Amino acid sequence: MLYLTILLNLIILTHKDGMSLNSELVLQADNLFVLDYDNDGKDEFLIKKEFRYYLTDQKNTSYFQINFPDEDYMFISSLNIDNKPPEELVFRCKKDNDIWIYIYSENNLQLQFKAITGKDIKKPDGWDGDICIAKLSDINDDHYKDLILLVNTGFDMMPRGVMAYDLKHNCELWHFWIGGSPRNLYVVDINNDGKEEIIMSTTAVSNGSVVNGFGDNKSYVIVFDKKGGILWHKEIGGVFSDALCWIGSLENKNEIELVLVECEGTGNKSEPNQILILEGKDGETKKFIRSGEKYCGMAVCDIDRDEKKEIITGNTDGIIRVYNSNLDPLMIQDIGKSVNLIDASDLDGDGTTELLARTVDNQLLILNEYLQQVGFYNPQGNCKFGVSIVRNGQKKKLLVCSGENEPYSYSLLSVTGPNMFAIVSKSNFFISSLVIFFILIIVVISLFFYSQKLKKELCREREQSLRILEWSGFAQRLAHEIKNPLSTINLTLQRMHQLCKERFGKKADIVDGCVESILEEVERLRTTTDRFMRVLSIDKPKFTQVDINELLNSLLRKYKNILPEQLKLKIIFAQDLPLVRCDEGQITTAFVNILENAIEAMEGKGIISVRTSLVEKIRDKVQIINKETQAEPDIKRLIEIRIEDTGKGLSSDQMQNLFKPFYSTKENGTGLGLVIAKRIIEAHKGDILISSKKGIGTVVTVLLPIVGV
């Protein structure tokens, strides 16, 4: 067991130092695209400089270049049209109001055609349309791949949508135009019928365009069959909203699902954005939740390695949230400022997922699977930047683009994390194998003895649980028997003090201090006994309808008058919240216990923030909307109360023991405050979540169901 402990400590120590970002290459270019040109698992760069394109490897070794007549030729995508490497390169060029497509194999032109003609309607002069995404699919079942193009337009508004083009016969197959602005394009068999569907997500740019029943004042996800007919569509958000989309199986089953995240952009809607999980086959809503403020970015991955994927989002409220496939919150991390989640990937090839996030002040953060910061990058000049992940076998690199004007600066950064086996890998193969073999033997032996020890501990804990169950009733009666005499002592002492004053007058003042001291100790003992009894048995709540904002306002007004001058209260209440069904006295007690902990953690200075908001989600038991009755999904609506302090924070060991009775981080604490708060909240069918970081502060999130839930 000692060897296993040493080994685990080594592993833990190697992960505490974090990751380092080292610059390998710096390039100046008008644009740079990352693509796996030869399908070998290592990405290449397509570099644009004026009217020339260069294909290079990650060391900037050039393979070939393509020269165009002018700078209007823009790269769209690399596609494997003929089913063998290398991939073909697809470019587009605008000539007046026409867009032409050019397909190259290496630097040889294979095909060119006019894809679409637009019309200049609004100033500035010139049609502002474009083709931004290209995908492949055998649309007409002739065993040849066809080209699917996403067409977008600015203030000229037309056309916007998707079109299919037959590459073999060099003709358009179909198109479908909408009023909204297309955002992304996917080609996936989402209903398991053996045929690929075409999925388009849109952005609500609100220019006033409506085509085929789809306006640009709402964002949508639209699913087409191969002939261009609509299978189903779903409205995601309102004015200026964006629909981020992920398609796959969250629990690694055969059913395909769509995860849609509403990003509001420049809209100013008061309610939080939403996340939806939709059935791939028909678009029915499986799960639904609203929380936070405005979502910024999304990633879907198995971050906790449980063979199920999680949904991770950034938000303008500064919190990165991790949800499971039921949209239950698993983890939160408060970055402290608006944060955009860029991507999720195993950057250093160690089998764990890292997150890439960009803060509102243009800092690049790398977070580990526990949402702890392990890497940091700040471009020179603190300018806006973009980030791409570059594949290099199992490991990844980061390509950071920065600069205000062309040519931009592109920095290729290698990502390295500590490697405990680095010293072994430098020796010969025999020594490396021998060392690993002995380590494995030690681990197996240690795990055997550990399993035996764990078995004994489980038996002991089971016996202890039975004893606790037997003694809990006795403990409750004992606490009651102590509490009753304390009341008698209190009353008797006060009566004796009164009789002394009546009989001896001022001479009785000599015992005032003693009596007050005894009364204080009796009251303290009574309070402790009362708390202990609450832990053993919380009274059944007496429910009434309560305005949570009014309850908190009333409570916080009392604290404002007694808090030190350097300790500030920041109150952010959502307006027009539904009422909560709760026992006002019990819930007040729960919040008092939480606030007292926050105040004591502040040590007289800092900020305590109290925020309320409405959260909505579909109940776990209700999976699909009833089509026949057109019933709405059974939405669970909750009030979220977040109490955040900038105190000293808690360590991971302290976090594990927070809800254990009599465990306290305070010198004179009883260790019962949070236990009582948790029992009360759970008795109200609510939930309490706590996240904390040493030296940063603590966030306590309370979720309470509203009236009617």
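Pro86 is placed in the loop between S6 and strand S7 (88-95). The peptide bond that leads into this residue, from Pro85 to Pro86, is cis, with omega near -5°. The structure is a predicted model, and the backbone geometry described here is that of the prediction.

**Backbone features**

A second cis peptide bond runs from Met158 to Pro159, with omega near -10°. Pro159 belongs to the loop between strand S11 (146-153) and strand S12 (161-166). Met157 lies in the loop between S11 and S12 as well, and has a positive phi of about 70° although it is not a glycine. Met157 counts as buried because its relative accessible area is 15%, under the 20% limit.

Asn60 also has a positive phi of about 70° without being a glycine. This residue is found in the loop between S4 and S5. With a relative accessible area of 35%, Asn60 is partly exposed. Such features deserve notice because most residues other than glycine have a negative phi, and most peptide bonds are trans.

**Overall composition**

The protein chain contains eight helices and 41 strands. Of its 709 residues, 46% are buried. Among contacts with a separation of 6 or more, 52% are accounted for by residues 24 or more positions apart. The chain exposes about 37,100 Å², and carbon and sulfur atoms supply 52% of that area.

**Salt bridges**

The structure holds 16 salt bridges. Three of them are listed below with the closest N to O distance.

| Basic residue | Acidic residue | N to O distance |
|---|---|---|
| Arg391 | Asp43 | 3.0 Å |
| Lys253 | Glu251 | 3.3 Å |
| Lys337 | Asp361 | 2.9 Å |

Arg391 and Asp43 form a salt bridge that links distant parts of the chain, the two residues being 348 residues apart. Arg391 is in strand S32 (residues 385-392), while Asp43 is in the loop between strand S2 (31-35) and strand S3 (44-49). The partners differ in their exposure class: Arg391 is partly exposed, with a relative accessible area of 36%, whereas Asp43 is buried, at 4%.

In the bridge between Lys253 and Glu251, Lys253 counts as exposed because its relative accessibility is 52%, over the 50% limit. Glu251, at 25% relative accessibility, counts as partly exposed.

The side chains of Lys337 and Asp361 meet in a salt bridge, and this pair too links distant parts of the chain, with the two positions 24 residues apart in sequence numbering. Lys337 is in the loop between strand S27 (329-334) and strand S28 (339-345), and Asp361 is in the loop between strand S29 (354-359) and strand S30 (364-367). Both counts of relative accessibility fall in the partly exposed class, with 27% for Lys337 and 29% for Asp361. Elsewhere, salt bridges that share partners join Asp36, Asp43 and Arg391 into one network.

**Aromatic and charge-ring arrangements**

The structure holds 15 aromatic pairs. In one of them, the ring centres of Tyr53 and Phe68 are 5.8 Å apart and the ring planes stand at 90°, so the pair is edge-to-face. The pair links distant parts of the chain: Tyr53 is in strand S4 (residues 52-56), and Phe68 is in the loop between strand S5 (62-67) and strand S6 (73-79), 15 residues apart. Tyr53 and Phe68 are both buried. They belong to one aromatic cluster formed by Phe33, Tyr53, Phe68, Tyr73, Phe75, Phe91, Tyr102 and Tyr104.

Charged side chains also lie over aromatic rings. Lys95 lies over the face of Trp100, at 5.6 Å from the ring centre. The charged end of Arg358 sits over the ring of Phe385, 5.5 Å from the centre of that ring.

**A nonpolar surface patch**

Ile441, Ile445 and Phe449 form a nonpolar patch on the surface, and together they have about 280 Å² of accessible area. Ile441 is found in helix H3 (residues 429-504). At 31% relative accessibility, Ile441 counts as partly exposed.

Definitions and conventions
Residues numbered from 1 in each chain as written. Predicted model: local features only at pLDDT ≥ 70, side-chain atom pairs only at ≥ 80, totals over all residues. Heavy atoms only, no water. Salt bridge = Lys/Arg side-chain N within 4 Å of Asp/Glu carboxyl O. Helix = DSSP H or I, 4+ residues; strand = E, 2+ residues; numbered from the N terminus. Buried < 20%, exposed > 50% of the residue type's maximum accessible area, 1.4 Å probe, protein only. Phe/Tyr/Trp six-rings, centres within 6.5 Å; stacked < 30°, edge-to-face > 60°. Lys NZ or Arg CZ within 6 Å of the ring centre and 35° of its normal. Patch = residues over 30% accessible without salt bridge, like charges linked within 9 Å, V, L, I, M, F, W, Y side chains within 5 Å. Areas by Shrake-Rupley, 256 points an atom, 1.4 Å probe, with all protein chains shown as cover. Contact = heavy atoms within 4.5 Å.
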